[in-house]
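Reader: Could you walk me through how the labels on this model are earned?
Author: Gladly, let's take them one at a time.

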Amino acid sequence: MMADNTANVIDMEEQRAARSGERPRCQATTTRGDRCRNYAVEDGYCRIHAPEPPPSSRRDEPEHRPSGGIDLLEGLRDALGDDWLDELKDVASFLRRRLTGDYDVDEFGFDADLTEHVLVPLLRPLHRYYWRVGSSGAENIPDGAGMIVANHAGTLPADALMTRLDLFEHTGRHARELGADLVFRLPFVGELGRKTGATLAAGDDADRLLERGELVAVWPEGFKGIGKPFKDRYKLQRFGRGGFVATALRAQAPIIPTAIVGSEEIYPLLYNLKTIAKVFGLPYFPVTPQLLAFPFLGPVGLLPFPTKWFIEYGEPIDTSDYGPEAAEDPMVVFDLTDRVRETIQQMIYKNLMGRRSVFF
Amino acid sequence: MPPAGRRVLITGISSPLAGMLARALEEREDVAYLVGVDTHEPHHDLTRTEFVRADIRNPLVARVLTAAEIDTVIHLSTVAGPMEAGGRAQMKEQNVIGAMQLLAACQKAESLRTFVLKSSTAVYGSDYTDPGLFREDQTPREAPSSGFAKDATEVESYARSFGRRRKDATVTILRFANFLGERMDSAFSAFFNMPVVPTILGFDPRLQFCHEEDAVEVLRRAVVEDHPGIYNVSGPGVLYLSQCIRLAGRVPAPVPQPLVSAVAGLVRRTGRVDFSPEQLRFLQWGRVGDISKLTDTFGYEPKYSTREAFEDFVARRRISGLVNRDEVFRWERELYDFIQRKGQERFVAARRER
């Protein structure tokens, strides 16, 4: 707290000391209200009155080893590095906010506090070290409203999570996913979806979000994409009825075709147990190599394959030429849907050709 | 001959909301005559509001309407739970048949110019296929099939058909979110009076609240101004149920979904909270109405946001939780101080070594 104004005072004090040619004294005031008469050691203060160093200078300090005894905080510091004090404060204030309910969510239920302080840190290691997600074209993301359209596969929607995180790392913005209603029916999944900013694909939620200048992300292949057999990987399925294009047209928001490579091999879907899926009311019930390995390897066997991912954000497709009334014109909507689909398919092929192997 | 002032009839006058509204209207000079109808006497002190003890199904109401040349009817007597009415059958009788007969009487009353109906966002139902925000012109995929929501939907449809038959009258339908306030008792205030608040495991509904002051003000404006149409009325913003529980310092008790109806039955038997099936759906999926029509067309900015309404409710009802807010703040400060001290000690130690 003192760090800011001490800087000036010290300069003056040092100048005065230099002029008079005498050793500078500590400039603190004692409890009795007199000037401290000790000689200053450093920064214009004596040892007793040395202020708390500003956080930036603390990093330059030579590493201090504890002289002895077991010190939990010192141990923590060794484990977490030098920024641990600030991080501990962040964690404490986050916990306080959560305990007292002192945070805001938007009308759709997006909880930025939770997303940024829990989910982003949790997923970051997956993004950086497990799938080593690389990406290009972040400059194509508009500053205002925009619609990210990408391919969907991999049995579990890891591609949606990684695209969200990648966008957040590059632009600091949260893309708002549009999900099928099934997502919101499931316990925990639906709750987490809403809290991380997802909302229902049907209805006019997307219109509202675009109107507010948000980035909206859609995976128009839907369950047909995410539950497609392994042999069909990187072959785009039908893009629904093009509802997303109509939405983008109504809002005059650009569409950003996005190709994700690597995501379609994490859980190869060998067989779809349709009967079991029907019993549980699920769109598909996947049999993946991981499921077969589970009896032998245990939970480790269930891990997704650590493929190397690459996300390309393509050039935005401008929808403002068509005018908002084009949303009602099925021909325009179909044409544009096809164009977006074709663009993404070409981007996928290009990136597939460019990669050395599935894992590197 | 222009009337000297408004002549207003309020149904369900013994409810706290009606009492507050009546007092607000009593203060206005352009309201010449006020009469309240209910089956039991109101407890609030009203100065010039006349009281007629009658059921709205009673032909007496029609006679009052014509004899007193009533020009404005505010229908507030729709009851939300079977506990209030003494059973679901009576509740339906009172809500639906009552509204029907009241509207029939209104149709015959030539002096009538304004009909204001207190409805609820419950008419949107609660489902996972719901849009994030309900606009007034949107209907749920499936119309509510039971309880209060069904009654409210039917009452609304009667009010709308009344509006079609009496083109000279203004019909205002106000769909209120859950009320919260010092005086008003709603299902939700009872809910947060419980020491542990039951929730449904894995679900966290988004909730919207309307502060009683805002509710009274919107009703008052609907009377003295002219606002035909349907309006959602609520404070802006939403709160998650989990967030409400934390703001109130309560402890959640998540109940796995298969056990929900059994637990609800137990709680209902204690008579503390009325858990109807539609309320359980609400606790699972929540519901949010879009209030932009209220702010843009009706021209009213609520004084209390959803969160402010809730915080006000917690403060006024003196809900003291098991988790004390000040304690939590104190823990945080202590940790900060500790960190500060540790940092200082380390810094000094590092210097001494050098």
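Reader: Which residue in β9(A) does Gly134(A) stand opposite?
Author: Gly134(A) stands opposite Phe310(A). Before we go on: this is a predicted model, where local features need pLDDT of at least 70, side-chain atom pairs count only at pLDDT 80 or more, and totals for chains, interfaces and linings use all residues. Residues are numbered from 1 along each chain as its sequence is written, while chains are lettered from A and ligands numbered from 1 in the order in which they are written.

Reader: How do you know that β1(A) and β9(A) pair?
Author: Two strands pair if DSSP finds at least two bridges between them. Three bridges join β1(A) to β9 (residues 310–313) of chain A, and these strands run parallel, so they count as paired. Strands here are DSSP E runs of at least two residues, and helices are H or I runs of at least four, numbered from the N terminus.

Reader: What makes β1 and β4 of chain A edge strands?
Author: Each pairs on one side only. The order in this open sheet of seven strands is β1-β9-β6-β2-β5-β3-β4 (chain A), with mixed pairing.

Reader: Why are α4(B) and α5(B) called roughly parallel?
Author: Helix α4 (residues 88–108) and helix α5 (residues 147–165) of chain B pack at an angle of about 5 degrees, with axes 9 Å apart. Axes are lines fitted to C-alpha atoms, for helices over the stretch in contact, and angles run from 0 to 180 degrees between N-to-C directions. Angles under 35 degrees count as roughly parallel, over 145 as roughly antiparallel, 65 to 115 as roughly perpendicular and the rest as oblique. Therefore α4(B) and α5(B) are roughly parallel.

Reader: And why are α5(A) and α6(A) roughly perpendicular?
Author: Helix α5 (residues 112–130) and helix α6 (residues 158–171) of chain A pack at about 100 degrees, their axes 10 Å apart, and therefore they are roughly perpendicular. Among the residues making the contact are Leu123(A) of α5(A) and Phe168(A) of α6(A).

Reader: What makes residues of chains A and B count as in contact?
Author: Their C-beta atoms, placed from the backbone, must lie within 7 Å. By that test, 36 residues of chain B are in contact with 33 residues of chain A. On the chain B side, α13(B) gives the largest share, 17 residues.

Reader: How many residues on that side of chain B are nonpolar?
Author: There are 19 nonpolar residues, with nine polar and eight charged. Ala, Val, Leu, Ile, Met, Phe, Trp, Tyr, Cys and Pro count as nonpolar, Asp, Glu, Lys and Arg as charged, and the others, Gly among them, as polar.

Technical notes: Two residues are in contact if their C-beta atoms, placed from the backbone, lie within 7 Å.
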